[in-house]
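Here are some notes on the model, set out as numbered points. Please read them with the structure open beside the text.

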Amino acid sequence: MAYLNEKLSEEKVFKDPVHRYIHVRDRLIWELIGTSEFQRLRRIRQLGTTYLTFHGAEHSRFNHSLGVYEIVRRIIDDVFRNRPEWDDDERLLCLCAALLHDLGHGPFSHSFEKVFHLDHEEFTQAIILGNTEVNRVLKKAGADFPKKVAEVIAKTYKNKLVVSLISSQIDADRMDYLQRDAYYTGVSYGHFDMERILRVMRPQEDQAVIKHSGMHAVEDYIMSRYQMYWQIYFHPVTRSAEVILTKILHRAKELHQKSYEFRQPPVHFYSIFKDEISLEEYLRLDESVVMFYFQAWQDEEDNILADLCRRFMNRNLFKYIEFNPNLQMKMWMELTTLFKKAGIDPDYYLVVDSSSDLPYDFYRPGEEEERLPIHLLMPNDEVRELSRQSEIVESISGKKRTDHKLYFPQDLIDQLSSKRKVKDQILQLLKSN
């Protein structure tokens, strides 16, 4: 297919704060960037509600997707090219999968998925294979080309090396979002020596491996990831905003099912409330649409929906305390009873939120979400799993850390002047934590 190798008459570049420049030479990549489905990613933030904690975190899935593409392009064009283990016929497939890997994300991504039981990877594949601009562009490279791109994203493509560049424990996706999210949140945790990692990355049959001399750069990368998850991605204030966002969506769905008459009917949500959303309807959803409804619903007659929307729009978030579900379930049950006595609905205003992360894991056959480990290429050409060589990585391998918080509206509790006894009991339980 001639189109596979067609180049632009002049290289296009995007100025980027993380990679300095993102280079586009292939006509197929340039046309994919111009599709409506890819441009939609400009209207979906990379970090969801994190902008309410770190005010600089306004960057989009569009930024990130270009960054992942650029890292993969550098790996292929600057490091893998002409190495016998790498098949250059896979180049454009790899670049397309990198560019499109997040195409199916919805507004506020993971919170949205959790409420409506959606999977952004399934929608990514549906966009690539469906009646879309993206599909029509990909087909220019061959009738089966969209299917191959979808298989890479689904991790079912026959060439596992191609899959590993986009989805593994040291992939272009993670290397971009750690650095990009650190830049936009203004923290230093996510910085690591990516230049060094790329220089020592080598293609093998099933995955990219790292030369032993680059082990310390990989250790730094893993620790950066660990810090970013606990300092940024799982920040308790961000989670408070996510709790409120989630409860708004739950409330709107519940009201719709009870035939409540909205002042601003959620027409964009009707099909998703019924669990029968089409691809066309899904693609109409972005964060500007969701925020329009949140803005309008501040004036709804339903007090819970209106209050939750005002909280989200004006950043009047829930307070929180540490919570141990193994030891404090009795306290939570007592609080639930007291909230009901106080006239505060515990289903919407007393929420346990949990976050957990496994910073690195070696291969455990048969387990859910098997993780392909990072391998080091030793001086004698032997391949060894990272934690067998690194004491730092060994110390955190397979160790899942979980954090629980109990969220509640301090202001509503403070306003319980007519129910002094209940108020005091609630405050006492919250302080006893």
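1. A residue is called buried when its relative accessible area is under 20%, and exposed when that value is over 50%. The model is a predicted one, and with that cut-off the buried residues of helix 10 are Ala172, Asp173, Arg174, Met175, Asp176, Tyr177, Leu178, Gln179, Arg180, Asp181, Ala182 and Thr185. Since twelve of its 14 residues are buried, helix 10 is largely enclosed by the rest of the structure.

2. What surrounds helix 10 can be named in part: the elements covering its buried residues include strand 1, helix 3 (61–80), helix 9 (160–166), helix 11 (194–199), strand 3 (201–203) and helix 12 (215–233). The length of helix 10, which runs over residues 172–185, is consistent with its residue count, because 14 residues at 1.5 Å a residue should span 20 Å and the end C-alpha atoms are indeed 20 Å apart.

3. Both ends of helix 10 deserve a look. At its start, a side-chain oxygen of Asp171 comes to within 3.3 Å of the backbone nitrogen of Asp173, while the residue that follows the helix is Gly186, with a positive phi near 80 degrees.

4. Strand 1 (residues 7–16), one of the elements covering helix 10, pairs with strand 2 (residues 20–26) in the antiparallel sense, over six bridges. The two strands form a hairpin with three residues between them, and Asp16 stands opposite Arg20 of strand 2.

5. On which side of helix 22 do its buried residues lie? The buried residues are Val422, Lys423, Ile426, Leu427, Leu429 and Leu430; they cover an arc of only 160 degrees around the axis, and are therefore on the same side of helix 22. The face turned away from that buried side carries the exposed residues Arg420, Lys421, Gln428 and Lys431.

6. The packing partners of helix 22 come from several parts of the chain, for its buried residues pack against strand 5 (319–322), helix 18 (329–342), strand 9 (401–408) and helix 21 (410–414). As with helix 10, the length can be checked: the twelve residues of helix 22 (residues 420–431) should span 16 Å at 1.5 Å a residue, and this agrees with the 16 Å between its end C-alpha atoms.

7. In soluble globular proteins, nonpolar side chains tend to be buried together. Here the largest nonpolar core has 86 residues, and those with the most contacts inside it are Leu100, Val149 and Ile197. Apart from that core lies another, of 58 residues, among them Val237, Ile244, Phe262 and Ile426. Returning to Val149, and leaving aside neighbours within four places in sequence, its contacts are Leu93, Cys96, Ala97, Leu100, Ile128 and Leu138.

8. Two residues of helix 13 invite a comparison of their surroundings. Thr246 is placed in helix 13 (residues 236–257) and, at 14% relative accessibility, counts as buried; a polar atom of its side chain lies 2.8 Å from the backbone oxygen of Glu242. Not counting residues up to four places away in sequence, Thr246 touches Ser111 and Val115.

9. Gln257, the other residue, also lies in helix 13, but at 53% relative accessibility Gln257 counts as exposed. Between Gln257 and Phe273 there are 8.2 Å in space, C-alpha to C-alpha, for a separation of 16 residues in sequence.

Notes:
Residues are numbered from 1 along each chain as its sequence is written. This is a predicted model: local features need pLDDT of at least 70, side-chain atom pairs count only at pLDDT 80 or more; totals for chains, interfaces and linings use all residues. Side-chain values use heavy atoms; hydrogens and water are left out. Helices (H or I, at least four residues) and strands (E, at least two) are DSSP runs, numbered from the N terminus. The expected span of a helix is 1.5 Å times one less than its number of residues. Buried means under 20% relative accessible area, exposed over 50%, partly exposed in between (1.4 Å probe, protein chains only). The arc is that of the directions from the helix axis to the C-beta atoms. Contact means heavy atoms within 4.5 Å. Two strands pair if DSSP finds at least two bridges between them. A polar contact is a pair of N or O atoms within 3.5 Å; within protein, one must be able to donate a hydrogen and the other to accept it, and residues adjacent in sequence count only if both atoms are side-chain atoms. A nonpolar core is a set of buried Ala, Val, Leu, Ile, Met, Phe, Trp, Tyr and Cys residues joined through side-chain atoms within 4.5 Å.
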